[in-house]
Amino acid sequence: MVYKEIIIAMCRSGILGFGGGPSVIPLIRYEAVTKFKWLDNDEFGEILAIANTLPGPIATKMAAYLGYRQKGILGAIVSVLAHILPTCLAMVILISFINVVSHSAVITSMVSAVIPVIAVMLGLMAYEFAEKAIKGLGIYVGVALTLICLFLLQYISIHPAIVVLIFLTYGAFHFNLKNRIFHKKERGM
């Protein structure tokens, strides 16, 4: 039954994900967190952060992790194949029609209509992650870290993987410090 769920979830996210990794992330999140409840939002955020630091396509890394988490190495293989094979087969089949439909106004309009949907899905996911960050860190620290991230990415042009690694390191220290303070308060009472 779990293999069936893995195949369904990864096929859906692989087929419906239009435009690469950023558009697939909300789809994988829906399948893993909302539909099949393999993990919660916090775990998904951690997996996303780790997947961003590793080289290669983010969607296949997330598919591999989710499959591995459910059924080990065989689950990872099944998950990645379920994620990429339908799209590969569709590309092979549809490549012969590209010259015919590429000049069609209907096809151009369909593609243009999908772009705002992806933007809204990414915006909603970013809002939910920001909401959790502010809840965990506080408004001032959350806004400060957002501005630092923007500065590092836009003005200094540090590679995003390095920025994610910096914030993962900070998160580990912040979590450790928060636990120490909490335990000291417990012992003091």
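# Notebook: an all-helix chain

I started at helix α7 (residues 139-155), where Phe-151 and Tyr-155 are four residues apart and therefore separated by about one helical turn. I noted before going further that this is a predicted model.

**Entry 1, aromatic pairs.** I looked up how many aromatic pairs the structure holds, and there are two. One of them is the pair stacked between Phe-36 and Trp-38, with 5.2 Å centre to centre and 15° between the planes. Phe-36 counts as buried because its relative accessibility is 18%, under the 20% cut-off, and Trp-38 counts as buried at 10%. The other pair brings me back to α7, since Phe-151 and Tyr-155 form a tilted pair, 6.0 Å centre to centre with 35° between the planes. I wrote down the accessibility of these two rings as well: Phe-151 is partly exposed at 44% relative accessibility, while Tyr-155 is exposed at 64%.

**Entry 2, around Phe-36.** I then asked what lies over the face of Phe-36. Lys-35 does, at 5.9 Å from the ring centre. In the sequence I next came to Lys-37, which is placed in the loop between α2 and α3, and I found that its phi is near 55°, a positive value in a residue that is not glycine. Most residues other than glycine have a negative phi, so I marked this one for a second look. Lys-37 is exposed, with a relative accessible area of 62%.

**Entry 3, a second positive phi.** I found another such residue in Ser-157, whose phi is positive at about 60° although Ser-157 is not a glycine. Ser-157 sits in the loop between α7 and α8 (160-188), and at 55% relative accessibility Ser-157 counts as exposed.

**Entry 4, the chain as a whole.** I stepped back to the secondary structure, which comes to eight helices and zero strands, and reading along the sequence I get the pattern α-α-α-α-α-α-α-α. The C-alpha atoms fill a box of roughly 70 × 45 × 25 Å along the principal axes. Of the 189 residues, 23% count as buried. I also looked at contacts between residues at least 6 apart in sequence, and of these 59% join residues at least 24 apart.

**Entry 5, the nonpolar core.** Which members touch the most others in the largest nonpolar core? Among its 22 residues these are Met-10, Trp-38, Leu-39 and Met-62. I traced the helices behind this core and found that α1 (2-16), α2 (21-35), α3 (41-53) and α4 (58-94) each supply at least two residues, with α4 giving the most, namely six. Trp-38 is thus a name I have met before, as the stacked partner of Phe-36. For Leu-39 I listed the contacts, leaving out residues up to four places away in sequence: Leu-39 touches Ala-32, Val-33, Phe-44, Ile-47, Tyr-65, Leu-66 and Arg-69.

**Entry 6, α2 against α4.** I checked how these two helices pack, and their axes come within 8 Å and cross at roughly 30°. That angle makes α2 roughly parallel to α4, because angles under 35 degrees count as such. On the α2 side I noted Gly-21, Val-24, Ile-25, Ile-28 and Ala-32, and these meet Ile-58, Ala-59, Met-62, Leu-66 and His-83 of α4. Met-62 is one of the core residues I had noted above, and Ala-32 and Leu-66 are both among the residues that Leu-39 touches.

**Entry 7, Ser-23.** Still in α2, I looked up Ser-23, which has its place in that helix. Is Ser-23 buried or exposed? At 5% relative accessibility Ser-23 counts as buried. Leaving aside its neighbours within four places in sequence, I find Ser-23 in contact with Gly-17, Phe-18 and Ile-118.

**Entry 8, α3 against α6.** My last look-up was the packing of α3 and helix α6 (residues 105-137), which meet at an angle of about 110° with their axes 11 Å apart. The two helices are therefore roughly perpendicular to each other. From α3 I recorded Asn-41, Asp-42, Phe-44, Gly-45 and Leu-48, which meet Met-125, Phe-129 and Lys-132 in α6. Phe-44 is also one of the contacts of Leu-39.

Methods. Residues numbered from 1 in each chain as written. Predicted model: local features only at pLDDT ≥ 70, side-chain atom pairs only at ≥ 80, totals over all residues. Heavy atoms only, no water. Core = buried A, V, L, I, M, F, W, Y, C linked by side-chain atoms within 4.5 Å. Buried < 20%, exposed > 50% of the residue type's maximum accessible area, 1.4 Å probe, protein only. Contact = heavy atoms within 4.5 Å. Phe/Tyr/Trp six-rings, centres within 6.5 Å; stacked < 30°, edge-to-face > 60°. Lys NZ or Arg CZ within 6 Å of the ring centre and 35° of its normal. Axes fitted to C-alpha atoms, helices over the stretch in contact; angles between N-to-C directions. Parallel < 35°, antiparallel > 145°, perpendicular 65-115°, else oblique.
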